Amino acid sequence: MLIEKLEQLQTIFRQMDRALIAYSGGIDSTLVAKIAFDMLGNRALAVTAVSPSLLPEDLEDARIQALSIGIAHEEVQTQEMANPNYTSNPVNRCYFCKSELHDTLKPLAIERGYSYVVDGVNADDLKDYRPGIQAAKERGARSPLAEVGVTKLEVRQLAKELGLPWWDKPAQPCLSSRFPYGEEITVWKLQRVGRAERYLRQLGLKNLRVRSEGDTARIELPAEEIKEFVLGVDLSGIVAMFQEFGFVYVTLDLEGYRSGKLNQLLLTVNS
């Protein structure tokens, strides 16, 4: 079944002739970039959008991964932070982010002669609240992983099968996802969250989020890691460092890390 899906993905790209990939460096878009390059060679181009919501180390990862794959890679600046529809952080914030992204990529694709703009949306993404998917569709982008029905787990399985060393890389959505809907997003707040998460990763933590609400930072870790974290780290040192970053209060989410938690709360309120 998995091999059949891979063959379907390969067929999609062979039929495209030329493709520009919206490439964040996450495992989904990296898998898409790999298959596109394998099928199209220099007729595939990976483009990464650079903005304050992208961690510098994630950008560096994207560069390294593209170089390893062999695919041509370029970077473009996007200006979603200039749009108050985005910075006011409404529940459909991602719509405005992806609108800016694809309004930037589509003209570039036309100018360079790429017939398709392709993203890394997978089949599981369609089950979550993802208003950005609609923005991409409105601008003619294609999502081969979703078209073939490739799930998040299958993305990792395929990436491992194709020899990508980042197949188990933790998901890393944009930093704006760390804020509750309705709280204004600023460059300073994004940088504050980014510094906090970078600091925790330097302590050896891998799967984590630092949620920001006002002056409070809420650390989310996998539930099974919470006890070891509390007993094994210098909590007062973490608090002091977070306060140096600009937070006043530092808390630990006892429920544990769960991807899409803010969206789950939204769905609960609306149900």
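**Entry 1: Lys5 and its surroundings**

Which residues does Lys5 touch, not counting residues up to four places away in sequence? I looked this up in the model, which is a predicted one. I found that Lys5 touches Val148, Gly149, Val150 and Glu154. I placed Lys5 in helix H1, which covers residues 2-16. Its relative accessibility is 7%, and buried means under 20%, so I entered Lys5 as buried.

I also noted a distance from Lys5 to Gln15, 10 residues apart along the chain: their C-alpha atoms are separated by 15 Å.

I then turned to the charge on Lys5. In general, side chains of opposite charge can pair when their charged atoms come close. Here Lys5 forms a salt bridge with Glu154, and the closest N and O atoms are 2.8 Å apart. The pair links distant parts of the chain, with Lys5 in helix H1 and Glu154 in helix H8 (residues 152-161), 149 residues apart. I checked Glu154 for burial as well: its relative accessible area is 15%, so Glu154 is buried.

**Entry 2: Other salt bridges**

I took the count of salt bridges, which comes to 22. I followed several of them individually.

The side chains of Arg63 and Glu75 meet in a salt bridge at 2.6 Å, N to O. Arg63 lies in helix H3 and Glu75 in strand E3, so this pair ties together parts that are 12 residues apart in sequence. I recorded Arg63 as partly exposed because its relative accessibility is 34%. Glu75 is likewise entered as partly exposed, with a relative accessible area of 37%.

Asp128 forms a salt bridge with Arg130, where the closest N and O atoms are 3.3 Å apart. Asp128 is partly exposed at a relative accessible area of 23%, and Arg130 counts as partly exposed at 37% relative accessibility.

I also found a network of salt bridges that links Arg211, Arg218, Glu220 and Asp253.

**Entry 3: Asp125 and helix H6**

Is Asp125 buried or exposed? I entered it as buried, because its relative accessibility is 12%. Asp125 lies in the loop between strand E4 (116-118) and H6. Leaving aside neighbours within four places in sequence, I listed Gly120, Arg130 and Ile133 as the contacts of Asp125.

Ile133 led me to helix H6, residues 131-138, where the buried residues are Pro131, Gly132, Ile133, Ala135 and Ala136. I asked what covers these buried residues of H6. The cover includes helix H5 (93-112). Just after H6, I noted that Gly140 takes a positive phi of about 85 degrees.

**Entry 4: Gly70**

I located Gly70 in the loop between helix H3 (56-69) and strand E3 (72-77). Gly70 counts as partly exposed because its relative accessibility is 41%. The C-alpha atoms of Gly70 and Asn42 are separated by 9.0 Å, although the two residues are 28 apart along the chain.

**Entry 5: The sheet E5-E6-E7**

What is the order of the strands in the open sheet of 3 strands? I read the order as E5-E6-E7, with mixed pairing. The edge strands are E5 (209-213) and E7 (249-252), each of which pairs on one side only. On average, and with direction ignored, neighbouring strands of this sheet are turned by 25 degrees against each other.

I examined the pairing of E5 with strand E6 (residues 216-220): the two run antiparallel and are joined by 5 bridges. Glu213 stands opposite Thr216 in E6. Helix H9 (residues 187-202) packs on the sheet and touches E5 and E6, and its direction makes about 150 degrees with that of E5. Helix H11 (residues 235-245) lies across E5, E6 and E7 and runs at about 130 degrees to E6.

**Entry 6: A nonpolar surface patch**

Which residues make the nonpolar surface patch of about 270 Å²? I listed Val230, Leu231 and Leu235. Leu231 is found in helix H10 (residues 226-232). I entered Leu231 as exposed because its relative accessibility is 67%, where exposed means over 50%.

Conventions
Residues are numbered from 1 along each chain as its sequence is written. This is a predicted model: local features need pLDDT of at least 70, side-chain atom pairs count only at pLDDT 80 or more; totals for chains, interfaces and linings use all residues. Side-chain values use heavy atoms; hydrogens and water are left out. Buried means under 20% relative accessible area, exposed over 50%, partly exposed in between (1.4 Å probe, protein chains only). Helices (H or I, at least four residues) and strands (E, at least two) are DSSP runs, numbered from the N terminus. Contact means heavy atoms within 4.5 Å. Two strands pair if DSSP finds at least two bridges between them. Axes are lines fitted to C-alpha atoms, for helices over the stretch in contact, and angles run from 0 to 180 degrees between N-to-C directions. Patches are made of residues with over 30% relative accessible area and no salt bridge: like charges are joined within 9 Å, nonpolar side chains (Val, Leu, Ile, Met, Phe, Trp, Tyr) within 5 Å. Accessible areas come from the Shrake-Rupley method with a 1.4 Å probe; for residues, only the protein chains shown count as cover. A salt bridge is a side-chain nitrogen of Lys or Arg within 4 Å of a carboxyl oxygen of Asp or Glu.
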